[in-house]
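Reader: Hello! I would like a close look at the enclosed spaces inside this protein, and then a short look at one more region.

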Amino acid sequence: MRSTALPKKGHVHQYVWYLLTIACISLLLFAFTSGTSAFPRTSGVHASEGLSATWSGLEAHAAPLPCVTDLNHTAGRTWINWTWTNRGSARFTYARIYLNGNRLPEIMYRHMGFAYGLVYISEMHGGTTPESFYNMTGLKSGTCYEIGIYTVDVSGNTGKTWVNQTAETTRRAEFMVRTSDGLEFSLTEDGTVTGMAIDDNRIPMLFLPGGFSFGEVSSTTPGIPLSGTVEKNTDGSITEHVISSDIAFKFDYIPKDRYIEVHGDIQDMRGVDRAIQVQYALPVDATGWQWDDDIRKGRKIKSGTRYENVYKIGDVRTQNTYPFTFVGDGRQGICLAVPMDMPRIYRIGYDTDAGGYLIEYDFGLSNCTDKIGAGHANFTFILYRVDEPEWGFRAAAKKYYELYPGFFVKKNDREGLWVIDHQMNIPDVDDFGFVFTDSHCMPPSERIFNEMHGIYSMEYSEPWGYRTYFDDDPAEPSYKEKIARLDKEIVDGTDPYEYVISRSQMASSVLETCPLDKNGNQYLLPCFWEHFLEWSQSYPMNPDPDIPGLNRFDVSYLEYSMDNGRSSSLHAHNWTPTVVGWHNWHIADDVSRTGSYSAKLDIGGTDDATSSVLCSDLIAASPSTQYVFSAWGRTYQCGGSAFPAVRAAEYAADGTYITQRNLHYWHGTNDWAQKSMAFATTPDTATIRICNNIYGGHGTFWVDDVSLSVAGTANNLVRNSGFESTEYVPQCDGLRLDSLSAHGRSAMLENYRRRQWAYTDHPLVFSYDTRQPVLLGTLSQHEYLAAMQANMSDAGKRLDANMFSYAYSFYGHLIDVPGSEVWELRMDCADASLHRTMSYQKTNRNLLNWDQYGNDPITHTEMETYINDQMFYGMFPGIWYASGKRDDYWADATLYGRDRGLFKRYVPLIKAISSAGWEPIPYATADNRNIKFERYGGIEDGLYYTVGNSGSATESGVVSVDLSKFGFGGGFVEVKELVTDVTSTQEVVVGGVVITVQELHPHETRVYRIRP
């Protein structure tokens, strides 16, 4: 017997054909069986068939034929062959066959294939046989069936007696993988999922096959199940091979100690571009279980509803927010997860109608992907049991950290605030807890200051493109005008870009490395035209370091290398290079007039250039006073439109520039010579600064023994005038990247530039618009980050970033110190949870830009609200903009002086809890649902709880802590609230203590420390 399968849900036209066919067959059956007595139905029908269990009587016939005898059978996985002995009667014509109480129809039909979904009449034969056997095929494996037989004579009369027998098809071979911690997973010989168990307790399964399927995006054909050949390997893994639609699939199920790894390999066999989606369905029946979106939000699973937590990359494409997920019922829980070092575009969700617990990938296949192989894609995901399922997503996170500890290594020794500039000007700067700053164009004196005060100096880079400036006109140029600007800069862009290469080189690199859209144009979208100092255009570039020639990776590394090169050189105290072009000044130890050192300016080539400026400290000066100014200079092959010079610039009391006096030296090559002059300061002069530079020229210029004195005196007012007081500048501590996004700007660009596909380390995806393979910017950025992380790590340095929320799950494992700019006093709960969860115990520092709420400066109360909110999640509360005027908070002594006490009170507490380390499972409960809390550390080294208010009114409650989970068996503990400095001693009762929370306002965070 052959059976038919229903068309795939959702394909209405196929289902209509199906119903029409069934209707026709029903009419034919009615015609064949009209007036014929029914086979008496048996109560012994197997329950899985869902058939009626009633019998009807038989019409009496004279001299009925005796029934067959010796009914026997043999069975296979999808067939049963019954045999019997027919009675030796001349009137016997045939035996009529019934299956499970139903008479076999004279018209048989079958399903012609998943890809078409239509039902066709394929053969006609009687449900009768004159022979002494009947072979039924197309049956379900491992299922009971009952045959019933009546004899029919030459007149068509049916005998009154019948014989029946129940038989069972053999079960399909099963293959099992099992972890050492009790997770078991079973497949059939064709890849169908047959079951799961945890500690031998079977997990309920949906009545669906599960396993892999795929679909071609350009086709209207529904997902095609990938049913292949499964084999067991000697190492305990299972491998499945499938060829479908000229694509070879290989799936490996590999049992690990605490998880099952599933690796997929995909190989196109046609040699053409293809866009596919590959889905894996684990048909777990989780109805009534919990789906958790994050550590704070969960939903009860209902049948027919899709559950997922995704974000958009562009307008349509979605990506999982976290690299792991959770479904469970409190007693058991399972997790589908993706290792972060296998970046792919994927979604994980749960949907009973779609097959259960699902993961789906987007892939583009093309013969241009030379590095990973033509027409090739692969992926890896894992399945693990959740050890403490009552804690849901938190327990899933805990185990993910344990399985991939390398993703969450903390590499910095110091923790604190992120500051942008001005720290050198703040009295008692250590009160504020600064630890991270950018060293881009930072003078050596500031680098030395940072090291003295425990502040990490990080070289800055924004490596996603190239920015060039137009003017103050906000009118956006046309596409042609923007390209024309690049062409012009290629020819005459001699100015430095990021102080490391010329704009001409950068403009050329844009043309070589930019991603192209479907029309072959650069992505000069409106979002890349922006006001940045003045109106500017950002030209996106593919930062993949493998792309030949100068690319954005090279430029970033040059920035870091040059900054570190300057750092390892000598620095003269009281002198600061101010960069206005190239980094040209350094302290020479091989040429000097007196002593051991001089200041050396070096401009290579023969083109005019404006050098950086070496400046002395400000010198207090008197107005309308006569001064004598002198310096010794030496030149080598100097030339150009301007002469090397040493200058004395005068400033008013408010810092306004007034005028300057210049000592000019010669072109060509000249030995040491002194230049001097006398001058009278202006009536408004308050300070003088000595500056050395070449303002349009080239060559090498040395300066030594600079002097400024009041006429008639011998007191040189220039400190360290001979550059003899020197020391080596500390190296920078690594690279800090700006504007790291996984979903917007350069990350969302679909790159059709096939020449660049050859260098990708990861599979292509496809465009939801054109349904063609593309290289997604998110993946190119990952390649940049992975390579830069490896370089920094090898050098003992760090890679930090200003990274936005959705970047955490895609790039978080590559960033040593994460954090981002924020624009609200209180972070969105989902964003804060994501930042904390994906940072785990890494330092997380943020930077408030309070520029969207008017021009009035941030208030003291608002600052305290912001600091409290950051403290709840153990994150450090930096600030930059103080108001809508975008004024720097740290440049306003009134503001930071007003709030100094807040930083002195709260930052040490944040350091304490961050050092203890956030843990996802708190082992605590609260009797008030508006009381939220997070745990840091353990009982031995310091157990901390931050307690906050998620409601809108003042709340009180009790937080109960289960100390037995920490292995604590003592009798008493100290519970201290660190903000208010209130301490109590409690007896541990049945392994627990309580934290009594009173009058907690919505903007407050309290910090409790529990210790023996």
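How many cavities of 30 Å³ or more does the count come to?

Author: Happy to help! This is a predicted model, where local features need pLDDT of at least 70 and side-chain atom pairs count only at pLDDT 80 or more, while totals for chains, interfaces and linings use all residues. Residues are numbered from 1 along each chain as its sequence is written, and side-chain values use heavy atoms, leaving out hydrogens and water.

The count comes to seven cavities of 30 Å³ or more (a cavity is a set of points on a 1 Å grid over the protein atoms alone where a 1.4 Å probe fits but cannot get out; its volume is the space filled by probe spheres set on the points, joined across faces, edges and corners).

Start with the largest cavity, with a volume of about 100 Å³. Its lining (residues with an atom within 4 Å of a point) has 13 residues, and P515, M541, N542, S746 and G777 lie nearest its centre. Helix α8, residues 777-794, supplies the largest share of that lining, three residues (a helix is a DSSP run of H or I with at least four residues, a strand a run of E with at least two, numbered from the N terminus). Sorted by type, the lining of the largest cavity has seven nonpolar, six polar and no charged residues (Ala, Val, Leu, Ile, Met, Phe, Trp, Tyr, Cys and Pro are nonpolar, Asp, Glu, Lys and Arg charged, the others, Gly among them, polar).

The second largest cavity has a volume of about 80 Å³. Among the residues that line it are Q319, P323, V338, R344, Y346, H782 and F810. In the lining of the second largest cavity, eight residues are nonpolar, three polar and one charged.

Now for the other region. Strands β58, β59 and β60 form an open sheet in that order, with parallel pairing. The edge strands are β58 (821-822) and β60 (876-879), each pairing on one side only. Strand β59 (residues 845-848) is joined to β60 by four bridges (strands pair if DSSP finds at least two bridges between them). One bridge links R845 with its partner F876 in β60. Helix α11, residues 860-872, packs on this sheet and touches β58, β59 and β60 (contact means heavy atoms within 4.5 Å).

Helix α11 also packs with helix α12 (residues 893-916), at an angle of about 5° and with axes 10 Å apart (axes are lines fitted to C-alpha atoms over the stretch in contact, with angles from 0 to 180 degrees between N-to-C directions). The two helices, α11 and α12, are therefore roughly parallel to each other (an angle under 35 degrees). The contact includes M863, I867 and M871 of α11 and L902, F903 and Y906 of α12. Its residues divide into nine nonpolar, two polar and four charged.

Notes: Parallel < 35°, antiparallel > 145°, perpendicular 65-115°, else oblique. 1 Å grid on protein atoms, 1.4 Å probe; cavity = no way out; pocket = protein on both sides within 12 Å on 5 of 7 lines; lining within 4 Å.
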